[in-house]
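I opened a fresh notebook page for this one. Come along as I look things up, one entry at a time.

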Amino acid sequence: MKVDPDKCIACKRCFPYCPMGRIHSFKEHESIPGRIYIEIDQEACTDCGMCFRADICPVKALYQPQEEWPREVRGILSNPLIEFKGSQVPGRGTEEMKTTDVKGTFPPGVVGIAIELGRPGVGAYFRDVEIVAMELMGADIGYEMAEENPVTHFMSDKTTGKLRDDVLGEKATSAIIEGICKLEKLSEAIRALQRASEKIESVFTVAVITKVTPDGGVPTKPILEEMGVFYSINTKNNIGIGEPFFDFYGDNN
Amino acid sequence: MTHSLHRRGSYDELKDDFVVLGCPATGVNKPGSAPKTQKFLSICYKVGPINLGDMKTGNIYNTTMEDILSRVTDSTIVECTFDNRDKIVELLKELDRDRPGISVTISGVTDVVEQCMQEAGLGHIHSLEYSLGTWGKTEKLPDYEILKTVTMCGHAMIASDLVRKMVRDVKRGRRTVRECVVELAVIRRIKRFPSFRKVRFALQNRR
C-alpha cells in the first residue's frame with residue numbers, strides 16, 4: 001500500500017487501521033514547502049489492503065499499486081479478497097476441513113496439521129515459514145503438503161519444505177502451511193513444531209483436524225492429553241451434510 | 001484457513017459464539033453450486049443471524065441481503081454469525097430438513113456444538129479441528145484482552161491499535177460499544193463478525 005504525497009494531508013486517520021501496527025512516518029513534501037505527508041514503511045507493509053478498504057482517508061490518498069513478483073506474494077497471502085488461482089479459494093489457504101465430508105480429505109487414521117504463521121498482528125517473513133516447513137519435513141514422518149495451498153505453491157522442494165529463494169524476504173500478514181500425516185505420527189509432528197517455535201522470529205498457531213469416529217470419539221484428543229499440549233475448548237466442526245457424501249467406511253456410515 | 005478457530009476467550013465468552021460457513025467443494029460439487037449457496041444463505045437468514053455475508057460482496061451491515069444473494073457465484077464461500085445456541089439448533093434442523101447440498105462448518109465450543117447436533121437429530125460432529133494455541137515469539141502479541149477482540153477476525157485484519165482506540169473512545173464517551181462493533185463489521189466487510197455480546201465483553205473489560 002502506498003500514499004500519494006500530493007493528496008495526503010497527514011491527518012493520521014489511517015494509523016490505527018493497520019494490522020501490522022504503526023508502520024507510518026511523516027515526510028516533508030519535496031516540492032511543496034511546509035507540506036507534510038505520511039509514508040508507509042514498504043518493508044513492514046504486507047499489502048493486506050485493510051487501510052484502503054476501511055475507507056477512512058478523507059482525501060483518497062491511499063492506493064495499492066500492481067506489484068511485480070516476488071512482492072505480489074504479499075497481497076496473495078495477506079489480502080483476503082484476492083483469490084489464489086491454485087485453489088480458487090479467496091483468502092490464504094484451501095478448503096481444508098470445510099469440505100472433507102464430500103472430498104474425504106481427512107479419513108480415519110489421518111490427521112490434518114495446519115500451521116499459520118504471523119497472526120494475529122505480528123506478520124511473518126517467508127524465511128520463518130521455511131524454517132517451520134523444513135523442520136516438519138525433516139522429522140521424516142510422512143507429512144504431505146496440501147497441493148493447492150499457496151505456501152506449497154511457493155516451495156522449490158516439497159519433499160524438504162524448501163521455499164523459493166526469491167520469496168524468503170517477503171512478508172505476509174499470515175501464511176499457512178497445510179498438510180496431512182498419519183495419526184500415529186501426530187506426536188512427532190508436534191515435537192517438530194515445538195523445535196521450530198524456538199527458531200523463528202514470528203509466531204504461529206497450530207491446528208489439528210481429525211475425523212470424528214461413528215461413536216463420537218475424537219482420536220487426536222488422547223494424544224494431545226498424553227503430551228500435555230493445550231487444545232482449545234472451541235473447534236471448527238464439519239457437520240457432515242454436504243452432498244454427495246464421501247463414504248469414509250465403505251458402508252455409507 | 002484456520003480463521004475463527006483461534007478465537008480466544010473463556011467458556012462463558014465463547015459458548016454463545018457461532019460462526020457458520022457454507023462452502024462448495026472444488027472438484028466435486030462446485031460447478032452449479034451458486035443456487036445451493038443461495039439456499040443455504042436464505043435458510044440462515046430466516047433463522048436470524050447477527051451477521052451474514054460473503055467474502056467479496058460484504059455483509060448485512062454494509063449492503064443488503066438481496067445484493068448478497070444476487071452476487072453469489074459458484075466459488076463463493078459464505079458465512080453467518082449467531083449468538084444463540086437455540087438458533088443453532090433451529091438452523092441445524094432446517095438444514096437437515098432442506099439440505100442445500102454444500103458443506104457446512106460451525107465454529108464454536110465443541111461440547112455446545114455437539115449438543116446442538118444431537119438436539120437437531122444430526123448425530124455426532126463429522127470432523128473437527130482443534131487449535132493448539134499460539135507458539136513462537138508470543139511476547140510480540142498484544143495482551144490477552146486485546147487478543148479476545150482481534151482474534152475474532154480470522155484473517156487478522158483487525159488492528160490492535162484500532163481496538164485500543166475504540167476502548168479510549170468508549171471510555172471518553174465519544175461513541176458507544178455498539179457503534180464500535182458496527183464499524184468493525186463494516187470495515188471488515190466479511191461476516192465472520194462478532195457478536196455484540198462478545199465485543200462488549202472485550203471492550204468493557206478494558207475499562
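**Entry 1: burial in chain B.** Before counting, I wrote down my cut-off: a residue is buried if 20 or more other C-beta atoms lie within 10 Å of its own, and exposed if 12 or fewer do. I also noted that this is a predicted model. With that rule I went through chain B, which has 207 residues, and 57% of them count as buried. I then listed its elements and found nine helices and six strands. Next I looked at contacts in chain B between residues at least 6 apart in sequence, and 73% of these join residues at least 24 apart.

**Entry 2: where the chains touch.** I turned to the two chains together: 73 residues of chain A are in contact with 65 residues of chain B. Which element gives the most to the side of chain A that touches chain B? I found that β14(A) does, with nine residues. I sorted the residues on that side of chain A as well, and they divide into 34 nonpolar, 24 polar and 15 charged.

**Entry 3: a strand with partners in both chains.** My next stop was β5(B), residues 103–109 of chain B, which pairs with β15(A) in the antiparallel sense over five bridges. Following the pairing, I saw A:Asn234 opposite B:Val109 and A:Asn237 opposite B:Ile106. Within chain B, I found that β1(B), residues 18–23, also pairs with β5(B) in the antiparallel sense, over five bridges. There B:Gly22 stands opposite B:Val104. Is β5(B) mostly covered or uncovered? I checked, and seven of its seven residues are buried.

**Entry 4: a helix with a buried side.** I finished with α4(B), residues 85–97, a helix of 13 residues. From its first C-alpha to its last it reaches 18 Å, close to the 18 Å expected at 1.5 Å a residue. Its buried residues are B:Lys87, B:Ile88, B:Leu91, B:Leu92 and B:Leu95. Why do they lie on the same side of α4(B)? They do so because they cover an arc of only 140° around the axis. I jotted a reminder beside this: an α-helix has 3.6 residues a turn, so residues three or four places apart point the same way. On the face turned away from the buried side of α4(B), I found the exposed residues B:Asp86 and B:Arg97. Last, I asked what covers the buried residues of α4(B). The cover includes β1, α2 (34–47), β4 (78–82), β5 and α5 (110–119) of chain B, so β5(B), the strand that pairs with β15(A), turns up here again.

Conventions:
Residues are numbered from 1 along each chain as its sequence is written. Chains are lettered from A and ligands numbered from 1 in the order in which they are written. This is a predicted model: local features need pLDDT of at least 70, side-chain atom pairs count only at pLDDT 80 or more; totals for chains, interfaces and linings use all residues. Two residues are in contact if their C-beta atoms, placed from the backbone, lie within 7 Å. Helices (H or I, at least four residues) and strands (E, at least two) are DSSP runs, numbered from the N terminus. Ala, Val, Leu, Ile, Met, Phe, Trp, Tyr, Cys and Pro count as nonpolar, Asp, Glu, Lys and Arg as charged, and the others, Gly among them, as polar. Two strands pair if DSSP finds at least two bridges between them. The expected span of a helix is 1.5 Å times one less than its number of residues. The arc is that of the directions from the helix axis to the C-beta atoms.
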